[in-house]
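Open the model in your viewer and keep the selection panel at hand. The tour goes from one helix pair to the next.

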Amino acid sequence: LAQAVHNNRRLWAALAASVADPSNALPKPLRAQIFFLAEFTDKHSRKVLHENADLTALIDINTAIMRGLEDMRGAA
């Protein structure tokens, strides 16, 4: 569990860094939403590891992102 949560945090940290870059071509509102999700994921991951919080929120976020990416791939 700890390794999976750590890997997920690393992924979201990379996404946050990418959308914080001014040269990122995504629309600013989308970049802000992704950054917010990265912050939430980091905070909730700490709770999962230290307070035995539920993983459901992290799973739901990742699933929604994967579905959105799949929809974009299908539309291309």
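**Stop one: helix 1 and helix 2**

Select helix 1, residues 2-20, together with helix 2: their axes come within 9 Å and cross at roughly 155 degrees. This is a predicted model. An angle over 145 degrees counts as roughly antiparallel, and helix 1 and helix 2 are therefore roughly antiparallel to each other. Look along the pair: helix 1 passes helix 2 in a left-handed crossing.

Now show side chains. On the helix 1 side, pick A2, V5, N8, R9, W12, L15, A16, V19 and A20. They meet R31, I34, F35, L37, A38, T41, D42, S45, R46, V48 and L49 in helix 2. Colour this contact by class: there are 13 nonpolar, three polar and four charged residues.

**Stop two: helix 2 and helix 3**

Keep helix 2, residues 28-51, and add helix 3, residues 56-75. The axes of helix 2 and helix 3 come within 10 Å, crossing at roughly 150 degrees. That makes helix 2 roughly antiparallel to helix 3. Check the handedness here too: helix 2 passes helix 3 in a left-handed crossing.

Which residues of helix 3 should you select for its contact with helix 2? Take A57, L58, I61 and I65. Their partners in helix 2 are L37, F40, T41, H44, S45 and V48. Colour by class again: the contact of helix 2 with helix 3 has seven nonpolar, three polar and no charged residues.

**Last stop: shared residues in helix 2**

Select L37, T41, S45 and V48. These helix 2 residues meet helix 1, and they also meet helix 3.

Technical notes
Residues numbered from 1 in each chain as written. Predicted model: local features only at pLDDT ≥ 70, side-chain atom pairs only at ≥ 80, totals over all residues. Heavy atoms only, no water. Axes fitted to C-alpha atoms, helices over the stretch in contact; angles between N-to-C directions. Helix = DSSP H or I, 4+ residues; strand = E, 2+ residues; numbered from the N terminus. Parallel < 35°, antiparallel > 145°, perpendicular 65-115°, else oblique. Left-handed = near helix turned anticlockwise from the far one by under 90°. Contact = heavy atoms within 4.5 Å. Nonpolar A, V, L, I, M, F, W, Y, C, P; charged D, E, K, R; others polar.
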